[in-house]
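Biologist: Could you take me on a close look at one part of this model, the loops and the helix with unusual backbone, and then tell me what sits around the ligand?

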Amino acid sequence: MTRTSSHLLLLACAICAIACTDKKVKTASGNVPFNDVSPLITNIGARTSYSLDGAWKYIADPQRIGYYNYRNKPLAPGSNYFADRSSTADPTALVEYDFDLADSLAVPGDWNTQKEKLYFYEGMLWYRKKFNFEPAEGKRYFLYFGAVNYEAVVGLNGKEIGHHTGGFTPFDIEVTGKLRSGSNSLVVMVQNDRRKEAVPTDITDWWNYGGITRSVKLVEVPENFILDYSVQIRRGDGGNEIYGWVKTDGNAEGATVSIPELGKSVKADAAGGFSFAAEPELWCPENPKLYDVIIETASDKVADRIGFRFVETKGKKLLLNGKEIFCKGVSIQEEQIGMGGRVTSREQCRALLDEAAAMGCNFVRLAHYPHNEDMVRLAEEMGIMVWSEIPVYWTIDWNNQGTFDNAATQLTENITRDRNRANIIIWSVANETPISEERNSFLFKLIDRAHELDGTRLVSAAMEVKDLGGGHVTVDDPLIAKTDLISFNEYMGWYWGSSRICDTTYFTFEAEQPVFISEFGAGAVAGRHGDVSARWTEEYMEDLYVRNTGMLENRVDGLVGTTPWILKDFRSTRRHLTGTQDDYNRKGLISNMGVRKSAFYVMKDWYSKK
Ligand code: GCU
């Protein structure tokens, strides 16, 4: 396969997978295209854009009357809430909703932690933003959503314009020619009711925060603009090469890719492919070197900060830039420190990553879904490697083609958004999914898709362990045939027996792959003290961490990293123990308010020796 045809193949995979999913699926809003969005524009932060963040009017609609009549039939356009009618304009008219009179929610943000009455709310909720705008001649416009949980139907000036499913990945919708000069009405119907066929499915050990949880922008680009690009490094015959492709919304011929600091500038070929010899400083935790990279065409220019590094496995070893590395990690949920819900700012990302760094981490597992772009980019600047995951979690509806398309689209959107982030070294396609034929074939296809979309990173999943008895544990999950690392979660001393079993348990693995422990841990209430055998005390948790790290250090063959569960106590509707859990999973090494528990220092100490 020549370089140009490989570029073309990669390009074709990337484009086809997102834009043309015209499969119709039954969703709460009827049989609508699974995703009805425009091709994803990457590096949105570097584009000309107008923020639509701030206060949005909202109407909670548990019976979904804003979209359906009493026979559960979609209302005719013009009579559903996209019409954004006024109840006062014509006193003779019967209008039983009015966004102008409604209360507001902040965007970005989940609705659950903003309004007491929406704390447990799952269902349909309408958002409306009015904004004044003067579209410019010769420009194209896209509405960009960082993420909306779970399903979004978007309407502009009374008309439905797009539909997206999946709560943690970005999407954009072209509105060129649909914007008015002057006042515009943007209405978004959001639904987050939990469903068997969804991804994630209807049970998760995290709070189902609903809403427009990440920023919304009106993006302005030239007629022919740079849609997407890949800039990576590989070993060439006479040294390293930087290579990749540029995709424009039109003809990419003549696009140039420049790295001023390296004195390099090259023209892309007709298919948008490029490569040139270069010896950049390689990105690594000790030296998170990023270069200014400029992608330019006759009509558009996009600047990015990109690092270059090699990540590969050799037998049971994990190598970064050819050197063995140990991932000193921690798992993180995308929930802000404090009483709040979803992270909504760079500062809140930094607060979480600073705690991980303070624990001595060079790695984080962003669980169980793609986190916001700020989290990934900030970790990259801080020299923190990333495990990036899609929410194929527990008992997914494996036989449902719509569910597979949904998972595959979330994977593709995740890789498209972050493919140029040097710090992401692992794509994960699943967490704790019970082994079955259907599950295996579903995940085999996802792993193949990840490898197809990105041949520069490792692919894995948090697999199931097998107890061989006598303290001997292994993983013989069929997924190992396709993954690059054997990853699994273990709960020695919490869900499995008492902490002392760690002292005698050992792990061995047949497959010649590095081993990664993606979860271990215990729950404790910060500040609760007592006997070491008393659960929920810091002493119990600390002891369990001491014994677990001892086991990891000495009795896990091929261990290359771990991400204990979890950095911070986080909300979950599965945690009901009053006075102890109070809607929180208490396995955080810091409390939800950011108070470090003693086990935090066990990890800090262990990592300082690693
Ligand atoms: C599981 C799961 C997590 C969950 C954790 C727990 O392993 O992957 O999502 O929160 O266990 O039970 O605390």
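Modeller: Let's agree on one cut-off before we start: buried means under 20% relative accessible area, exposed means over 50%, and partly exposed is what falls in between. Keep in mind that this is a predicted model.

Take Asn72 to begin with. Its relative accessible area is 47%, so Asn72 counts as partly exposed. You'll find Asn72 in the loop between β4 (54–60) and β5 (104–107), and its phi is positive, about 65°, although Asn72 is not a glycine. Now look at Asn321, another non-glycine residue with a positive phi, here near 55°. Asn321 sits in the loop between β21 (317–320) and β22 (323–324). With a relative accessibility of 17%, Asn321 counts as buried, because that value is under 20%.

Cis peptide bonds are next. One runs from Asn149 to Tyr150, with omega near 20°, and Tyr150 belongs to the loop between β7 (139–145) and β8 (151–156). Another joins Ala367 and His368, where omega is about -20°. His368 is in the loop between β24 (363–367) and α3, which brings us to the helix itself.

Helix α3 covers residues 373–382 and is mostly covered, with seven of its 10 residues buried. The buried ones are Glu373, Met375, Val376, Arg377, Leu378, Ala379 and Glu380. At the N-terminal end, Asn372 acts as a cap on α3: one of its side-chain oxygens is 3.0 Å from the backbone nitrogen of Asp374. Just past the helix, Gly383 has a positive phi of about 80°.

On the surface, Met339, Met593 and Val595 make a nonpolar patch of about 290 Å². Val595 comes from the loop between β35 (584–585) and α7 (598–609); its relative accessibility is 44%, so Val595 is partly exposed.

And the ligand? There are 14 residues around it, and those that come nearest are Asp205, Tyr393, Glu432, Tyr495 and Glu519. By type, the shell divides into five nonpolar, four polar and five charged residues. Asp205 has a polar side-chain atom 2.5 Å from a ligand oxygen. For Trp565, a polar side-chain atom is 3.0 Å from an oxygen of the ligand, and for Arg575 the corresponding distance to a ligand oxygen is 3.1 Å. Taken alone, the ligand exposes 320 Å², and the protein buries 96% of that.

Methods:
Residues numbered from 1 in each chain as written. Predicted model: local features only at pLDDT ≥ 70, side-chain atom pairs only at ≥ 80, totals over all residues. Heavy atoms only, no water. Near = heavy atom within 4 Å. Polar contact = N/O pair within 3.5 Å; in protein donor to acceptor, adjacent residues only side chain to side chain. Areas by Shrake-Rupley, 256 points an atom, 1.4 Å probe, with all protein chains shown as cover. Nonpolar A, V, L, I, M, F, W, Y, C, P; charged D, E, K, R; others polar. Patch = residues over 30% accessible without salt bridge, like charges linked within 9 Å, V, L, I, M, F, W, Y side chains within 5 Å. Salt bridge = Lys/Arg side-chain N within 4 Å of Asp/Glu carboxyl O. Helix = DSSP H or I, 4+ residues; strand = E, 2+ residues; numbered from the N terminus. Buried < 20%, exposed > 50% of the residue type's maximum accessible area, 1.4 Å probe, protein only.
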